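Welcome to a set of short exercises on reading a protein structure. Have the sequence and the 3D view open, try each task yourself, and then walk through the solution.

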Amino acid sequence: MAERQPAGPLPFRDCLYPGRSRPVKHLLGHTDVLIFCNPEQVGGDGANRRGQQEEPDVTRVTDLITIDRSSPIPLYFQVASRLEELIENGELAPGSRLDNEIQLADELGLSRPTMRQAIAHLVDRGMLTRKRGVGTQVVHDRVRRRLELTSLYEDLDGAHQQPRTELLTLERRTADEQVAAALRIDPGAEVTYLERLRFAAGEPLALMRNHLPVAVADLTRKQLVTGGLYAALRAAGIRLRVADQTIGARRATTAEARVLDEPRGAPLLAMTRVAYNAGGVPVEYGSHLYRASRYTFELTLMAP
């Protein structure tokens with residue numbers, strides 16, 4: 001049977017999407033009827049008994065951007081520089097959503113490739129991020145961490161970054177040659193292995209893998225989810241005094257990119273650390289990966 005429009009306004013109880021002009025199919029008897037649910041049909045602000053559904057705010061920035069077509073500065077760079085300024089001075093707060101590239105380009109009178117190049121420039125600089133199903137957003141502030149023998153969890157908590165941990169693996173396994181050399185144990189000796197995904201401000205920040213001699217501590221899932229590894233070691237009476245640390249960079253594998261919410265091949269900061277107790281005995285070998293777009297190391301250099 002052909003679709004037809006219902007006569008008269010839609011009953012309040014049947015409007016599933018108040019405040020929008022979008023098609024919704026209802027079943028009236030044996031006839032599927034295609035109808036549109038508008039604010040005028042439900043009255044007031046469009047709220048219904050199923051709960052009001054609000055669209056997330058979208059930041060409009062085109063009124064804050066001026067294009068000088070007589071300038072020798074490329075148009076994409078003018079847009080990118082102005083967006084960067086708005087982000088740095090706080091007018092575009094972390095988490096703010098931007099309109100899509102087509103709409104931005106249309107409002108600024110630019111071509112879509114020019115607008116895409118401006119957005120890509122800021123994505124490469126770690127100031128914007130593209131997420132499927134969400135769009136383009138201003139990234140949260142980078143986590144800046146001084147090079148000290150401290151716990152990432154405690155550093156994030158002290159910086160009010162709301163740390164959260166997903167414990168991916170906690171098991172015993174045999175040490176390979178690399179782990180054995182770092183912990184000064186025999187290859188094939190049993191070690192405790194843990195793999196964790198650390199979040200900051202609701203976003204994945206680091207993928208952390210650690211090996212410890214089994215005699216060091218009997219770690220529990222609760223300890224590793226509700227706090228940091230070093231807090232768990234302190235609770236076991238272990239005090240860390242010094243560590244050897246190496247910092248580098250590499251590209252994310254497909255699996256690493258998936259858990260860190262980065263594109264495959266995205267640059268990651270790589271850190272390996274061997275921590276020692278007061279007696280100089282290795283108690284922990286860590287291999288951590290950090291999102292370069294969200295994390296930086298800081299150090300102070302002194303003249304000789």
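## Exercise 1: The largest pocket

Strand 3 gives four residues to the lining of the largest pocket, the largest share of that lining. Keep in mind that this is a predicted model.

**Task.** Find out what volume the largest pocket has and which residues lie closest to its centre.

**Solution.**
- Step 1: Start with the volume, which is about 530 Å³ for the largest pocket.
- Step 2: Turn to the lining, made of 21 residues; V123, T129, D261, E262 and P263 are the closest to the centre.
- Step 3: Look at the elements involved. At least two lining residues come from helix 4, and at least two from strand 3.

## Exercise 2: The whole chain

**Task.** Describe the chain by its secondary structure, its buried share and its contacts.

**Solution.**
- Step 1: Count the elements: the chain has nine helices and twelve strands.
- Step 2: Take the chain's 304 residues; 40% of them are buried.
- Step 3: Consider the contacts between residues at least 6 apart in sequence. Of these, 59% join residues at least 24 apart.

## Exercise 3: One helix and its buried side

**Task.** Work out which residues of helix 3 are buried and what covers them.

**Solution.**
- Step 1: Helix 3 spans residues 101–108, and its buried residues are E101, L104, A105 and L108.
- Step 2: These four sit on the same side of helix 3, because they cover an arc of only 100 degrees around the axis.
- Step 3: Among the elements that cover these buried residues are helix 2 (75–88), helix 4 (112–124) and strand 3 (128–131).
- Step 4: Now check both ends. At the N-terminal end, N100 acts as a cap, with a side-chain oxygen 3.1 Å from the backbone nitrogen of I102. After helix 3 comes G109, which has a positive phi near 70 degrees.

## Exercise 4: Two nonpolar cores

**Task.** Find which residues have the most contacts inside the largest nonpolar core, and which elements contribute to it.

**Solution.**
- Step 1: The largest nonpolar core holds 21 residues, and V61, V79, L83, L92 and M115 have the most contacts inside it.
- Step 2: Helix 2, helix 3 and helix 4 are the elements that each give two or more residues to this core. Helix 2 provides the largest share, five residues.
- Step 3: Zoom in on V61. Leaving out residues up to four places away in sequence, V61 touches L83, L86, L92, L98 and L104.
- Step 4: Another core lies apart from the largest one; it has 15 residues, including L212, V216, L229 and Y230.

## Exercise 5: Two residues in strands

**Task.** Decide whether Q137 and H288 are buried or exposed, and list what each one touches.

**Solution.**
- Step 1: Q137 belongs to strand 4 (residues 135–138). Its relative accessible area is 14%, so Q137 is buried, the cut-off being under 20%.
- Step 2: Leaving out residues up to four places away in sequence, Q137 touches G95, S96, R97, M127, L128, T129 and K131. Take S96 as an example: Q137 and S96 are 41 residues apart in sequence, yet their C-alpha atoms are 5.4 Å apart in space.
- Step 3: H288 is found in strand 11 (residues 282–291). With a relative accessible area of 9%, H288 is buried too.
- Step 4: The side chain of H288 makes polar contacts with the side chains of N210 (3.4 Å) and Y290 (3.3 Å).
- Step 5: Setting aside neighbours within four places in sequence, H288 is in contact with L207, M208, R209, N210, L269, A270 and M271.

## Exercise 6: Positive phi without glycine

**Task.** Locate R184 and A201, and say how exposed each one is.

**Solution.**
- Step 1: R184 is not a glycine, and its phi is positive, near 60 degrees. R184 sits in the loop between helix 6 (177–183) and strand 7 (190–200).
- Step 2: The relative accessibility of R184 is 58%, so R184 counts as exposed, the cut-off being over 50%.
- Step 3: A201 is not a glycine either, and has a positive phi of about 55 degrees. The loop that holds A201 runs between strand 7 and strand 8 (203–213).
- Step 4: At 23% relative accessibility, A201 counts as partly exposed.

Conventions:
Residues are numbered from 1 along each chain as its sequence is written. This is a predicted model: local features need pLDDT of at least 70, side-chain atom pairs count only at pLDDT 80 or more; totals for chains, interfaces and linings use all residues. Side-chain values use heavy atoms; hydrogens and water are left out. Buried means under 20% relative accessible area, exposed over 50%, partly exposed in between (1.4 Å probe, protein chains only). The arc is that of the directions from the helix axis to the C-beta atoms. Contact means heavy atoms within 4.5 Å. A polar contact is a pair of N or O atoms within 3.5 Å; within protein, one must be able to donate a hydrogen and the other to accept it, and residues adjacent in sequence count only if both atoms are side-chain atoms. A nonpolar core is a set of buried Ala, Val, Leu, Ile, Met, Phe, Trp, Tyr and Cys residues joined through side-chain atoms within 4.5 Å. On a 1 Å grid over the protein atoms alone, a cavity is a set of points where a 1.4 Å probe fits but cannot get out, and a pocket is an open set with protein on both sides within 12 Å along at least five of seven lines; lining residues have an atom within 4 Å of a point. Grid points are joined across faces, edges and corners, and a volume is the space filled by probe spheres set on the points.
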